[in-house]
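Q: Please take a close look at one aspect of this protein, the pairing of charged side chains, and explain it in connected steps for a first-year student. Please then place that aspect in the setting of the whole chain.

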Amino acid sequence: MKNVAILIPNEAVLCSIVDARTMFTGANDFLEAMGRKPLFNVKMVGLSKDVKFHNGMFSVHPDTLLADAEKADLVIIPAISGDLAKSVAANEAFVPWIVEQYQHGAEVASLCVGAFLLASTGLLNGKECSSHWKTAQEFREMFPEVTLVDGRIVTEQQGVYSSGGATSYWSLLLHLVEKHAGRDVSIMASKIYALEIDRKSQSPFVMFNGQKKHEDDPIKKAQEYIENNFTEKISVEELSSMYAIGRRHFERRFKKATNNTPVEYIQRVKIEAAKKQFESSGKNVNEVMYDVGYSDAKAFRSVFKKITGLSPTDYRNRYNKEAPVA
């Protein structure tokens with residue numbers, strides 16, 4: 001049996017606790033239906049006997065308290081919510097236990113923004129990590145020694161796992177079931193729970209809002225100029241001279257402040273505008289392309305797919321119910 005410890009953090013996202021438990025107990029049911037023995041011994045582990053959520057509207061009663069928890073083979077860290085720095089602090093009692101389990105051979109997996117609690121253990125230092133795209137900048141500010149990988153659904157390094165945003169964690173849960181119980185059980189779970197198996201990217205869901213939580217005012221002004229003039233052809237040379245900064249120095253400052261090069265930022269602003277048109281208008285691909293300042297169809301399609309993971313036509317067909325069949 002594999003001892004699976006699902007932590008019950010304060011300020012947790014309740015569904016991520018329930019869904020993790022559902023996946024591993026369900027896998028046991030599927031194994032029994034196949035004539036095989038259950039594999040996962042699932043225990044919910046908390047800091048108190050009654051963990052309340054949503055102002056007491058819901059509560060979870062752990063199977064065991066942290067002080068009494070047995071050695072784990074797999075530790076699941078559900079998503080947390082609210083002010084993430086405060087949520088991490090509210091759960092710091094879990095940190096030494098998580099580290100101890102990992103040092104004694106356990107795998108550790110975070111779901112969505114549970115990555116913040118996982119990163120606070122130091123186990124992600126020098127490693128790659130996935131998390132919700134919406135909290136990416138805050139994560140990078142809090143944990144500069146961790147490499148946050150944009151867009152990826154599941155990240156795995158040296159027995160430490162993390163997942164992308166929101167329901168992306170189902171992909172990580174399926175991955176863990178497949179690793180320990182086999183591909184056939186993972187496929188069964190994906191069919192029973194109506195989940196897409198082997199999903200690799202959360203890029204189609206990302207909404208780009210710019211990264212302005214920095215103190216470099218000329219770079220902020222450059223960002224605002226790009227956002228207000230995305231229909232035009234904008235060069236890095238033009239931007240750097242506009243704010244009287246040498247090009248190479250401008251590029252370094254821009255990258256440091258926004259985590260994008262100027263060219264990447266221009267592309268992301270244009271593609272975000274294109275996405276909104278595909279979602280809400282009846283315009284075809286070429287019309288949208290010209291509206292956001294592209295004249296080269298091949299370049300537009302290439303950049304669009306690089307950023308969203310989908311072709312312009314596929315994106316329009318997925319998110320615009322009025323879109324004509326291409």
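A: In this predicted model, glutamate 251 has a relative accessibility of 27% and therefore counts as partly exposed, since that class lies between the buried limit of under 20% and the exposed limit of over 50%. Its partner is arginine 247, and the two side chains meet in a salt bridge with an N to O distance of 3.4 Å. This distance satisfies the rule for a salt bridge, because the rule asks for a side-chain nitrogen of Lys or Arg within 4 Å of a carboxyl oxygen of Asp or Glu. Arginine 247 is also partly exposed, at 38% relative accessibility. Both residues belong to helix H10, which covers residues 247-258, and they stand 4 residues apart, about one turn of the helix.

The general principle is brief: side chains of opposite charge can pair when their charged atoms come close. By the rule given above, the count for this model comes to 10 salt bridges.

A second pair is found in helix H11, residues 262-280, where glutamate 272 and lysine 275 are 3 residues apart, again about one turn of the helix. Their side chains form a salt bridge at 3.0 Å, N to O. As for the setting of this pair, glutamate 272 has a relative accessible area of 9% and is therefore buried. Lysine 275 has a relative accessibility of 4%, so this residue counts as buried as well.

A third pair joins lysine 179 to glutamate 156, with the closest N and O atoms 3.7 Å apart. This salt bridge links distant parts of the chain: lysine 179 lies in helix H6 (residues 169-181), glutamate 156 lies in strand E10 (residues 154-157), and 23 residues separate them. Lysine 179 is partly exposed, with a relative accessibility of 45%, and glutamate 156 is partly exposed too, at 39%. The pair also belongs to a wider arrangement, for Glu107, Glu156 and Lys179 are linked in a network of salt bridges.

Uncharged side chains may be considered next. On the surface, Met34, Met188 and Ile192 form a nonpolar patch, and together they have about 240 Å² of accessible area. Of these residues, isoleucine 192 is found in helix H7, which runs over residues 183-192.

The packing of helices offers a further view. Two packed helices are described by the angle between their axes and the distance between the axes. Helix H13 (residues 297-308) and helix H14 (residues 312-319) have axes that come within 9 Å and cross at roughly 55 degrees. With this angle, H13 is oblique to H14. The contact involves Phe300, Arg301 and Phe304 on the H13 side, and Pro312, Thr313 and Tyr315 on the H14 side.

Finally, the whole chain provides the frame for these details. Its secondary structure consists of 14 helices and 11 strands, and its C-alpha trace spans about 65 × 45 × 40 Å along the principal axes. Of its 326 residues, 48% are buried. Among the contacts with a separation of 6 or more, 62% are between residues 24 or more positions apart. The accessible surface amounts to about 16000 Å², and carbon and sulfur atoms account for 50% of it.

Technical notes: Residues are numbered from 1 along each chain as its sequence is written. This is a predicted model: local features need pLDDT of at least 70, side-chain atom pairs count only at pLDDT 80 or more; totals for chains, interfaces and linings use all residues. Side-chain values use heavy atoms; hydrogens and water are left out. Patches are made of residues with over 30% relative accessible area and no salt bridge: like charges are joined within 9 Å, nonpolar side chains (Val, Leu, Ile, Met, Phe, Trp, Tyr) within 5 Å. Accessible areas come from the Shrake-Rupley method with a 1.4 Å probe; for residues, only the protein chains shown count as cover. Helices (H or I, at least four residues) and strands (E, at least two) are DSSP runs, numbered from the N terminus. Buried means under 20% relative accessible area, exposed over 50%, partly exposed in between (1.4 Å probe, protein chains only). Axes are lines fitted to C-alpha atoms, for helices over the stretch in contact, and angles run from 0 to 180 degrees between N-to-C directions. Angles under 35 degrees count as roughly parallel, over 145 as roughly antiparallel, 65 to 115 as roughly perpendicular and the rest as oblique. Contact means heavy atoms within 4.5 Å.
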